[in-house]
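Please walk me through this structure, beginning with its interior and its helices and ending with the places where the backbone does something less common.

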Amino acid sequence: MIRLNRQVTVFGSAIFCVVVFSLYLMLDHLQLDNTKSPNNGGDRLQNGQLSILQGKIDRLERLLAENNEIITNIRDSVINLKESVKDGVPGGGNMSQGPYPELLASPPLVLPIDSQDCQFAAREFSEPADGGVQLLDVYDLLTFDNPDGGVWKQGFDITYRENEWDSEPLQVFVVPHSHNDPGWLKTFDDYYRDQTQHILNNMVVKLHEDSRRKMIWSEISYFSKWWDNIDGQKRDAVKSLVERGQLEITTGGWVMPDEANSHYFALIDQLLEGHQWLERNLGVKPETGWAVDPFGYSPTNAYLLKQAGLANMLIQRVHYSIKKHFASQKTLEFFWRQNWDPASSTDILCHMMPFYSYDVPHTCGPDPKICCQFDFKRLPGGRVSCPWRVPPQPITDGNVQQRVQMLLDQYRKKSKLFRTKVVMVPLGDDFRYTEALEWDQQFQNYQKLFDYMNSHPELHVKAQFGTITDYFNALRKSATDPGHTVPSLPVVSGDFFTYADRDDHYWSGYFTSRPFYKRLDRVLESHLRAAEIIYSLTLANIRRSGKRNDFPAMENYRLLTEARRNLGLFQHHDAITGTGKELVVIDYGIRSVVVYNPTEQDRTSVVTVYVNTPHVRVVTDHGRPVPAQVSAVWNEPTTASTELSFIAQVPALGLGVYQLGEAASGRAETAEYVFFRQSGELSVNVKHFTVNIPQDASTPLSIHNPHLQVWSSPITGLMERLKLKEDGSEHQIKVEFAWYGTTSNRDKSGAYLFLPDGEAKMYSPARPPVIRVTKGSVFSEITTTFDHVTHTLRLYHVQGVEGQAVEICNSVDIRGEFNREITMRLTSDVDSKDRFFTDLNGFQIQSRKTMAKLPLQANFYPMTSMAYLQDPGTRLTLLTAQSLGSASLKSGQLEVIMDRRLNQDDNRGMGQGVLDNKVTASSFRLLLEKRKLSTLSYPSLLSHVSSLYLNHPLIPMAVSTEAESRSLSPLSPLASSLPCDVHLVNLRTIQSKEGGGPSDEAALILHRKGFDCALSNRNTGLLCATTQGKIRMEKLFSELKFQSITPASLTLMHTPDKGSNQEEISLKPMEISTYRVQLT
């Protein structure tokens, strides 16, 4: 059972990585990126908490160092599993067909792309149907001025006629809610202990007191913790509330996720975790999304909700000018359609809340002074009051008529912003309904108001408590014309970034804030996905062998579940905020390195490990020498230890095995170094390496590989030109760094707001930088060490994907700065004018237009995985391994904010600045591609795969002893690479309905990416083709077979009426599809 044991080895290591990163997350996500709306006073973090947190992080870092031995023990123990399974697996346990090929096949010069696969990106763009709205067009239309709108400051005066509802009464749905952040000013556990458990306990009691009462709940992270702590009687009571429609679970994700920085893998994962929990425990299938607090909205999340089977959604934090425009056009309720959808298959009904906030003063109507008087928690004598200094009054027989007239006036005015006579009024705020008293205050007083309204037909109103789906059901009925099945509402395409809540207060700072944690999040995603896939494959092989007792399935599944939930918490809109690079250490004798390829493509990539000697040789498990390079690891600009980089060839989702050992001959080539500094003495202290310090340092520096040549400035070491060897073309691409300060106005930049003091000022170091040029057989690089940034340009000497891009790494340290933000700017000769493109959640591309009428900070957008510029002949793409804020402020320019250090709060509720900076390494790849004109804009296949490789690097793991390493051999679980445009999002084992262990089923999630054929497909190095989205399932795996395969909704809540056990599946471009599968 050699191959099975090897799978377990990788899984054990991956799980360990997940658990360590989870420790970081559990400490950090709860207290760091903590900004909120100004209407919440709340507790503030005490000044000492940051130092306490830093102490915890320091202890964890020490723990990480101490746990190197634990990694070894995990690997040793799983390799030592009995080989008794071997007899139960046909063919002696060999999971691959035939002998493992020593080297991967030679890739074709030109990628074989089916001509029909090019039609998607080449088709004429289809505008939305009649009444459709493209948000880019709205931005062109608006002036973005901010006149005083009266009581509705950011809007306009609303009037109505008294008789408007005579023929059709106004329907009012008041929707009680409590927004529970899983960590903001307190930790997740503290919030649960102090507030959330009391909200949910009181909910059971208070909803049962009156069947007319309703409540909605969103965050399953809290709900599941509470569920685990209540008895069977209370659980039955909850189930009865759900069955009677008094309690509705909205969205049903683990959290209410951020939509700017989160990658779609993590968005799916937290939604799947919540929905699977609901299916197992409540039998609930959410119908409506509820997202009142994310800071801007992405159509990616709308698509995922639609794919999960939800029909409706609600959003709130949208730019105030957009809200005003939508309100004036009565388009606040619309079908949100994906940009790439030519029909209506992606449409989801969306409600945009019209006013400033989701609190009670800003939800009953346009006048917050009046609406606040109907937030009965603010009755005199309580802990919160109305800022407008007019308190609520308890409803009595003596005042009910007058109070109804006041409130109904607001309801009627709000309804004038919509196309139907159905109005929705949220009733809640952050952590509301904690005490039984508040339940009584709100529900009893509102019921008196409703009873009066409903018993006076001359008012022409029907008011009641409702869930959000109650409201959408009534809306659909009212908006659907006779003889039609779909509501007559407008169609909207595009995204809702960048958010501004007032004046020039654009929330573009949080696209970058705390980049260390944003990078950490992406690394955790990659490790979790790798662990999920290898666990599912291992489990299937265990079942196939009939030896289930030889694998710790329950314990490993528990660790996986914990990691999923910690990743889910990290996607919360107050949390997702970064990583360090983890290298395997090879420290003695002959060692095996097992290399796992977490991608679905056969792959040639560079792997790097630390070694304690430069005299090292790398061979395959069959003894064939492998190209390798020994390089210095520069702890300081001029002192170093040693690392080994070698070119690994690993099959899709498979394992490669390499032997490393000391050798007198045939060993890895040693890198050579040249150092430059414009003035001052330079002393380099390093053994084993050839170092040259030339006297004349005026010639441009240059490195090259089979595809590219880079020239850099001899003064700064920063890139100036890039040559494509394929056609010999040269392009100006100049890299610079610059500083942004913060405005001198009262409101300044903080964790979420970006309020600069004007254009960026170029970075000019106090002393000349040290420049180091590395020349080697596996890679060459130019590294510049400034005071605040260590910047590296690297070229890999590899044919194909890894060699087509310039790798850029910036290690940033601004811990000594005061109110400064550092940006990397690329200035090119690409004639992009005022257009550029950023991705949304790593899923789709959104066109951007830089607008002079907007303040500088409004022209920054989230960049989750890539941004690019283009003109008719060229595209310049910056791929990123972490979410950051990006802009193109001038034609040919692309800039990315690298880190922010801000000394004050930005008055959004957090009560502190951003002063917990860490030294942060951010990684990028720069891709220059030739293109032809095309109608729509999609990444090339090369860009897609380059991004995949950047975010899912090969995972090396050292195996402990010589004897055990000899039992390892490579593994090739897939029969071949998947089609070039198909991504395996996840193969995730589903939890058993009984107990917390794994079931026999897994969720297979596939994404067919939209790509542009108008870019070159030569020399990609890929061993794949496109197949019009068709995959032959019986030929997917080498040994494993599908016992069953059933199409399902994204999170397995629904099973569409399609046939199961399909031999071939077909994916449309851009489509994400989920299948419930059993492997054997």
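Helices, of at least four residues, and strands, of at least two, are taken here as DSSP runs and numbered from the N terminus. With that naming, T498 is found in the loop between β11 (491–493) and α16. The model is a predicted one, and T498 will come up again once the interior and the sheets have been described.

The interior is a sensible place to begin. The largest nonpolar core has 154 residues, and those with the most contacts inside it are I322, F326, F496 and V806. Helix α9, which covers residues 264–281, supplies the largest share of this core, namely seven residues. A second, separate core has 65 residues, including W254, F376, L379 and L569. To return to the largest core, I322 is in contact with L135, V138, Y139, L142, M352 and F496, once its neighbours within four places in sequence are left aside.

Helix α9 also has a helical partner. Two packed helices are described by the angle between their axes and the distance between the axes. For α9 and helix α10 (residues 299–307), the axes come within 11 Å and cross at roughly 40°, and the crossing is right-handed. On the α9 side the residues Y264, L267, I268 and L271 take part, and they meet T300, N301, L304 and L305 of α10. Sorted by class, this contact has six nonpolar residues, two polar ones and no charged residues.

Helix α9 further lies across the strands β41, β42 and β46, running at about 25° to β41. Helix α16 (residues 515–545) packs on the sheet as well, where it touches β41, β42 and β46, and its direction makes about 60° with that of β41. The sheet in question is open and has four strands in the order β41-β42-β46-β44, with antiparallel pairing. Because β41 (982–991) and β44 (1042–1048) each have a single partner strand, they stand at the edges, and one side of each is left without a neighbour in the sheet. From one strand to the next the twist averages 25°. Within this sheet, β42 (residues 998–1008) and β46 (residues 1072–1079) run antiparallel and are joined by six bridges, and H1007 stands opposite I1072 in β46.

Another open sheet is formed by four strands in the order β15-β18-β13-β40, again with antiparallel pairing. Its edge strands are β15 (616–620) and β40 (955–959), each of which pairs on one side only, and the twist averages 30° from one strand to the next. Strand β13 (residues 591–596) pairs with strand β18 (residues 655–662) in the antiparallel sense over six bridges, and S592 stands opposite Q659 in β18.

What remains is the backbone. Most residues other than glycine have a negative phi, and most peptide bonds are trans. Against that background, a cis peptide bond joins F497 and T498, with omega about 5°. R514, whose place is in the loop between β11 and α16, has a positive phi near 55° although it is a residue other than glycine. T251, in the loop between β4 (247–249) and α9, likewise has a positive phi, near 60°. Are these two residues buried or exposed? Since buried means under 20% relative accessible area, R514 counts as buried at 4% relative accessibility, and T251 is buried with a relative accessible area of 11%.

Note on methods
Residues are numbered from 1 along each chain as its sequence is written. This is a predicted model: local features need pLDDT of at least 70, side-chain atom pairs count only at pLDDT 80 or more; totals for chains, interfaces and linings use all residues. Side-chain values use heavy atoms; hydrogens and water are left out. A nonpolar core is a set of buried Ala, Val, Leu, Ile, Met, Phe, Trp, Tyr and Cys residues joined through side-chain atoms within 4.5 Å. Buried means under 20% relative accessible area, exposed over 50%, partly exposed in between (1.4 Å probe, protein chains only). Contact means heavy atoms within 4.5 Å. Axes are lines fitted to C-alpha atoms, for helices over the stretch in contact, and angles run from 0 to 180 degrees between N-to-C directions. A crossing is left-handed if the near helix is turned anticlockwise from the far one by less than a right angle, and right-handed if clockwise. Ala, Val, Leu, Ile, Met, Phe, Trp, Tyr, Cys and Pro count as nonpolar, Asp, Glu, Lys and Arg as charged, and the others, Gly among them, as polar. Two strands pair if DSSP finds at least two bridges between them.
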